[in-house]
Amino acid sequence: MKIEKQPVTLPPERSAGRRRESPVDRKTDLTATRSLSVSIIGSGGTGVVTCGKILLESIARMGLYALLARSSGPQIRGGESAIMLRLAEQPVENLDDRFDLLLALDWLHVDRFADELPVGADTIILHDSDRGDIPPCFDGATQRRIATPLTRLAEATENGRANMVGLGLLGQLLGIPLETLCTAACDLLKPKGETIVGAGLRCIEQGYAAAPPAPRPLPLSAPVVPPKRWNISGNEACGLGALQGGIRFVAAYPITPASELLEWLAPNLERLGGELVQAEDELASVNMIIGASFGGIPALTATSGPGLSLMMEGLGLAVASETPIVVSNVMRGGPSTGIPTKSEQSDLNLALYGLHGDAPHLVLAALSIRDSVFTTEWAVKLAETLQTVAIVLTDQFLGQARAVIDPPRAPGLKGSRKRAVDRTHYQRYTLTDDAVSPMAIPGDAGCMFTADGLEHDQRGTPSATAADHQQQLDKRRDKLTGFDYGDDWAEIGGAGAICLITWGSASGAVREAAERLTRSGHPTRSVALRLLSPIPEAAFRAAIADASHLLVVEQNHGGQFYDHLNARKLLPPGAGSLARPGPLPLRPGEIVNRVMQGA
Amino acid sequence: MHGPPPLPSLKPKDYKSDVKPVWCAGCGHFAVLSAITKALAQLALPREQVAVVSGIGCSSRLPAYTHVYGFHGIHGRALPLASGLKAARPELTVLVAGGDGDGFSIGGNHFIHACRRNLDLTYIVMDNQVYGMTKGQASPTTPPDWTGSRLTPHGTGLPGFNPAAIALAAGAGFIARGFSGDPGGLTELLIQGIEYPGFAFIHVLSPCITYHPEQRAWKQTVHEQSGATTADPLLAAQHLQQGDQLATGVLFRAPPPAGSATPARRQPITTDQLAARFVVPDQN
Ligand SMILES: Cc1ncc(C[n+]2csc(CCOP(=O)(O)OP(=O)(O)O)c2C)c(N)n1
Ligand code: SF4
């Protein structure tokens, strides 16, 4: 092993977002989020993702929090990949501005990831000296490098693998106890058989011993008695929220990055007495769930942009016939096939405005992996309560990342369907105080009716009269706008004249940016919307009241949310827009910089 | 064919609603509606246990004219909607009704996959070889030289779609053809189709007297199939390919799909148990 330049020491206290270049940046140096950012990269088959999962689980067991995001190349299977891990003392669900540690198992096609892996002068680069030197895209970026013959060390063990040696080395540098690393590895590798587990553990030990001699305690302090925490992916979190909300029927057509959600749901639904049907296309999926819900079974489909586009006519049918359904849309780069494996918040316009006619419905967005449980469960309960369509937006970043989180909270809403009791003069679309009509389901004697996408009267009989059309349009709008969504429509943090407004997965970076700004003397609040339609307008106005600088932050090219707020006249003149498309995640530093430039 | 009907407590008219059909006087679809209500009455099915699902078209207006549960959905998507309902509520009797445009053109893909999926649905297609509702354009079953539509003034020039043969190739277990001009025979076919424990496709020749008045001639040309019902797909394929597509009867009937083919359900679980799987184990 050879250590180049000075011996490596991690900063005793790492402040996220430490940047040295500009005076503007220096102002952002202070933050409550103490964290470390680590990336592992390697070509297909090097075992990058396995390393990431073991690290995440080890960190979880130490009592810390972490986010594990991943990125892969364009290959269908087995191409180069990168994992991006951020560990912290507090819950953390967004990436930092740059990485503190980078472990390269090899450098093949690394240029495809270079812009996703910002490094700085104090980034430590660990690499396998048997697999070539640091390529130009990283060379010069860093003063600190540790070259170790990972491959040769692995070869000393039968079935040994360089990734496990690298994992040991990294574990030692991060101050993870060897035992914690080994038990986590043991649990995660178990399905691969005893031989692999044994070889893996020996390699981890070797890597651990090969780390540079200086003690490198983790600068993050783990609690003595860790609180209860979960290790979950965003797609799993959506699935769990759906099932907790009562979903028992799912029909869907596979699409990246929603497929993992479906694959998680299929066996679990079956064990809950429900069913998942793989449909022939998204036109079928959405109509199948409408049929199941008409039958009284809460139903959901999951898809991504191209599939959501195909579902629009079906969503209108559910709106008009007042049949509750939930669509979980895991966004990816668009338009068209776009960038299927990367994240973007660009399906908002489609979700809000894609339906023909005046078709009010709910659009929600999960704010984090943890929040995916809450938001999806809430969406199911709202859809059932209000007999309408709820579209839940998440994205590739949220869906495919894992995090160590505090146990998610559950919505207070009971969320059951208002069922028909009158069996003599039943009218399916009768007017009521809350504009929600009692719903009969097949099997209810005396309440037979025909659900219809044709405009209808209160009884459900097709009608083309102006009076019936007006009445039913009003009813379908009023049941949504008249409902009390409580405080759950948004998460509001901080206080200050600067106000950052955002939605969905951009919320993590926005919250951190607001905290950094506040600590550097620019008090900032953040308003992250979970309910994007209908927006409770009075509550929104109260949340942004008295702000002197407003910035709407989102990850898309067109500023779709900014336009949505403006169309509803919810923003004061002068409010700015920070709309940046994918595939690179929004980072707190760029939001801070934008605010400081505008200040 | 089947035993004496159970004493019907409900009459066919009890399965009809008071909504007046929008259909032209003389439209074949009236007779199909009557045959459906007769079949339901003869089977003595409780009205709340039956659902009729449709798409869009003159024929697809049918559910609102029945007094059972109904869903008038969107163009071409009746089969998936009905499949979702049947999968979620297997104890219901689910009928699907529509036209040739709805089922074979815009909904063609669902037709194939519903045959494959073989859920216990009865799919009644009222084939008038034209788009009635949109005022007379050619459909997939329109003869290639039909010049009745301004949209295709020289005819479509395309060979007609053979729905029964396609249903067979796609795996439907029960395939019958009926004629709205023979409501008694049609009722009989519907009863058999509803009783068949799998996907039953009933192709009904149902004239559009407004846009295809020449279909009045079906009274003379429609005929019973010559042979008996076969369970042999090769023989059925031969008849379906060679015939004039005007032969009525049960054209193919496979042995019913083996009982509950679903594999043994896995160990039940609760959502609390699912959530517990994500809890990080204690280090100690
Ligand atoms: C998506 C969509 N495209 C087109 C239409 C217009 N449309 C309504 S009914 C119909 C054809 C109906 O023909 P068929 O299913 O054969 O039924 P028929 O009216 O002949 O009984 C069409 C094209 C529609 N309603 N929806
Ligand atoms: S247009 Fe044709 S199919 Fe439609 S109701 Fe009239 S006769 Fe029947």
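# Cores, sheets and a ligand shell in a predicted model

By class, seven nonpolar and three polar residues make up the shell around ligand 2, with no charged residues. The model is a predicted one.

Me: Which residues lie around ligand 2?
Reply: The shell holds seven nonpolar residues, three polar ones and no charged residues. Its members come from chain B: B:Trp23, B:Cys24, B:Cys27, B:His29, B:Cys58, B:Asn128, B:Cys208, B:Ile209, B:Thr210 and B:Tyr211.

Me: Is strand β8 (residues 200–205) of chain B largely enclosed or not, and why?
Reply: On one side of β8(B), B:Ala200, B:Ile202 and B:Val204 are buried, and on the other side B:Phe201, B:His203 and B:Leu205 are buried too. Both faces are thus covered. Because six of the six residues are buried, the strand is largely enclosed by the rest of the structure.

Me: Which residue of β8(B) is the bridge partner of B:Val125?
Reply: Strand β4 (residues 121–127) of chain B pairs with β8(B) in the parallel sense, over six bridges. Strand β7 (residues 174–179) of chain B is also joined to β8(B) by six bridges and runs parallel to it; there, B:Ile175 stands opposite B:Phe201. For B:Val125, the partner in β8(B) is B:His203.

Me: Which helix gives the most residues to the largest nonpolar core?
Reply: This core has 195 residues, and those touching the most other members are A:Phe249, A:Leu315, A:Leu393, A:Ile501, A:Leu529 and A:Phe540. With nine residues, the top contributor is helix α12 (residues 369–386) of chain A.

Me: How many residues are in the second, separate core?
Reply: Its members include A:Cys51, A:Ile54, A:Leu55 and A:Met164. The count for this second core is 50 residues.

Me: Is A:Thr376 buried or exposed?
Reply: A:Thr376 is found in helix α12 of chain A. Leaving aside neighbours within four places in sequence, A:Thr376 is in contact with A:Cys238, A:Gly241, A:Ala242 and A:Val392. Its relative accessibility is 1%, and the cut-off is under 20%, so A:Thr376 counts as buried.

Me: Which strands are at the edges of the open sheet of five strands in chain A?
Reply: The order is β17-β19-β18-β21-β22, with mixed pairing, and the twist averages 20 degrees from one strand to the next. An edge strand here pairs on one side only. That holds for β17 (490–494) and β22 (576–579) of chain A.

Me: What residue of β19(A) does A:Leu500 stand opposite?
Reply: Strand β18 (residues 498–503) and strand β19 (residues 524–529) of chain A run parallel and are joined by six bridges. Opposite A:Leu500 in β19(A) stands A:Ser526.

Me: At about what angle does helix α16 of chain A run to β19(A)?
Reply: Helix α16 (residues 537–544) lies across β17, β18, β19 and β21 (549–554) of chain A. Helix α17 (residues 560–567) of chain A lies across β18, β19, β21 and β22, at about 130 degrees to β21(A). For helix α16 and β19(A), the angle is about 160 degrees.

Me: Which residue of β15(A) does A:Asn231 stand opposite?
Reply: Strand β8 (residues 230–233) of chain A has A:Trp230 and A:Ile232 pointing one way and A:Asn231 and A:Ser233 the other, and all are buried. β8(A) pairs with strand β15 (residues 402–405) of chain A in the antiparallel sense, over four bridges. A:Asn231 stands opposite A:Val404.

Notes:
Residues are numbered from 1 along each chain as its sequence is written. Chains are lettered from A and ligands numbered from 1 in the order in which they are written. This is a predicted model: local features need pLDDT of at least 70, side-chain atom pairs count only at pLDDT 80 or more; totals for chains, interfaces and linings use all residues. Side-chain values use heavy atoms; hydrogens and water are left out. A nonpolar core is a set of buried Ala, Val, Leu, Ile, Met, Phe, Trp, Tyr and Cys residues joined through side-chain atoms within 4.5 Å. Buried means under 20% relative accessible area, exposed over 50%, partly exposed in between (1.4 Å probe, protein chains only). Helices (H or I, at least four residues) and strands (E, at least two) are DSSP runs, numbered from the N terminus. A residue is near a molecule or strand if one of its heavy atoms lies within 4 Å of it. Ala, Val, Leu, Ile, Met, Phe, Trp, Tyr, Cys and Pro count as nonpolar, Asp, Glu, Lys and Arg as charged, and the others, Gly among them, as polar. Two strands pair if DSSP finds at least two bridges between them. Axes are lines fitted to C-alpha atoms, for helices over the stretch in contact, and angles run from 0 to 180 degrees between N-to-C directions. Contact means heavy atoms within 4.5 Å.
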